[in-house]
Structures are given as structure tokens and as C-alpha cells.
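This report describes one protein chain, part by part. Please look through the sequence and the structure before reading on.

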Amino acid sequence: MAAGYRTYDQRTTGRRGNNRGQFYVYGNAVRQAEPFPKRMPEAHPEQTGQHRQMSRQVAKNRHRAKSISPAYAVFLAAAAVCAVLVCMVYLSLQSEVVSRSENVAAMQEELAELTEANDTAYNAAVDSVNLVTVRDRAMNELGMVPESEGSVVEYDRPAGEYVKQYSDIPESGVLAKSDDASK
């Protein structure tokens, strides 16, 4: 006795598990497939008498659908031209945005390079200046003296942003001494 598996829809067998949709057939004879029942022939439209009327109506509708009035054709042409113009404007604006973006990126790169060069120059200038050397040179070569308690005169800044100088500053560095400044 030979046994075989045949696929079958699970809904019809109601089985569940690993061999889902299959069932065991006993015996060596394969069942013959049952033929599908033949369909009933439909009534032809010619027999009902509506075929001529329907075909005239269908032809009329098809002819009406195929024909386009001149006004509608002008409208479609104008809509197509407007669509093309809008697309062209959009593409030109998109191109302008891309070019400006590239320009901004180039300017940002240039700014980064200039900032780096400026920082390098500033650090080199700061590193090259030794304040002790500057003070010694100012005092010994240029004859400058450090400030003393009576040599600094403080004044209130006028309302404007600048001070007018009407005469030269004397070599002593003091324009006028008041009695309060000497005390």
C-alpha cells in the first residue's frame, strides 16, 4: 500500500499543525478531479432587442468623448504653456538657490581660512612680546618713568566722546596740579 500527501486547503480540513493544509490518503488509487459545473449561458443582447439602441448610444458617447471643442483645446494649450512656464521658473529658482548655496559655502571656507590666519598671527604677536623687555626698553632707552602717586591725574570724561587738546603736554607730563592732587 502506497501512501501520499495531497495539498488541500486548511479551511476545508480544519486541521492545524506542521502539516497544515495536507491530509493523508490511504490506498494506491488517486482520486479523480471533479470537473467544474458548466455555467448557464447568458442571454445575448440581440435577443433582448436592446443591442441596437445601446450600440447607437455607445457610439454617440464615444464620438462625443473623442471630440474636443475649440475653447477647451485653447484652455488645454494655455494650461500646458502655464505648466511649462512654472516649471522653467522653478528650475531657474532652484539653480539660483544651488549657486548661492555654493557661494555661501565658499565664503564660509574663506572665512575659516582667514580666521585661522588671523589667530595664528595674533598668537605669534602675543608670543613675540615680552613685557619685561618692553618695560626695560621704555625706561632705559626712551626715558619713560613709572607712575608715581601724584603723577596720575584722573578726570571725569566729558559728555562727548572725544577731548579737545588746546596746548602741548609739558615734559613733566602734568598739565596742572591742584592742591588736592599733591596731598
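How much accessible surface does the chain have, and what share of that surface belongs to carbon and sulfur atoms? The accessible surface comes to about 18,400 Å², and carbon and sulfur atoms hold 55% of it. The model is predicted.

## Overall make-up

The chain contains 6 helices and 2 strands. Read from the N terminus, the order of elements is β-α-β-α-α-α-α-α. The two strands are thus listed at the start of the order, with one helix between them.

Of the 183 residues in the chain, 3% are buried. A residue counts as buried when its relative accessible area is under 20%. Among contacts with a separation of 6 or more, 14% are between residues 24 or more positions apart.

## The annotated transmembrane region

An unreviewed UniProt entry gives residues 71-93 the annotation "transmembrane region". In the model, this span is 100% helix and 0% strand. The C-alpha atoms at its two ends lie 33 Å apart.

A nonpolar patch on the surface is formed by Ile68, Tyr72, Phe75 and Leu76. Together these four residues have about 410 Å² of accessible area. Where in the chain is Ile68 found? Ile68 is in the loop between α3, which covers 51-66, and α4, which covers 70-128.

## The annotated coiled-coil region

The unreviewed UniProt entry also lists residues 97-124 as "coiled-coil region". Residues 97-124 are 100% helix and 0% strand in the model. Here the end C-alpha atoms are 40 Å apart.

Thr115 lies in helix α4. Its relative accessibility is 39%, so Thr115 counts as partly exposed. A polar atom of the Thr115 side chain lies 2.7 Å from the backbone oxygen of Leu111.

## Salt bridges

How many salt bridges does the structure hold? There are 2. One of them joins the side chains of Glu96 and Arg100, with an N to O distance of 3.0 Å. Glu96 and Arg100 are separated by about one helical turn, because they are 4 residues apart in helix α4.

Are Glu96 and Arg100 buried, partly exposed or exposed? Glu96 has a relative accessibility of 36%, so this residue counts as partly exposed. Arg100 has a relative accessible area of 54% and is therefore exposed. The cut-off behind this is that exposed means over 50%.

In another salt bridge, the side chains of Arg137 and Glu141 meet, and the N to O distance is 3.0 Å. Both Arg137 and Glu141 are exposed.

## Summary

The predicted model shows a chain of 183 residues with 6 helices and 2 strands. Helix α4 spans 70-128. Thr115 is one of the residues in helix α4, and the salt-bridge partners Glu96 and Arg100 are also in this helix.

Terms used:
Residues numbered from 1 in each chain as written. Predicted model: local features only at pLDDT ≥ 70, side-chain atom pairs only at ≥ 80, totals over all residues. Heavy atoms only, no water. UniProt positions renumbered as here; feature names shortened; annotations may be inferred. Patch = residues over 30% accessible without salt bridge, like charges linked within 9 Å, V, L, I, M, F, W, Y side chains within 5 Å. Areas by Shrake-Rupley, 256 points an atom, 1.4 Å probe, with all protein chains shown as cover. Buried < 20%, exposed > 50% of the residue type's maximum accessible area, 1.4 Å probe, protein only. Contact = heavy atoms within 4.5 Å. Polar contact = N/O pair within 3.5 Å; in protein donor to acceptor, adjacent residues only side chain to side chain.
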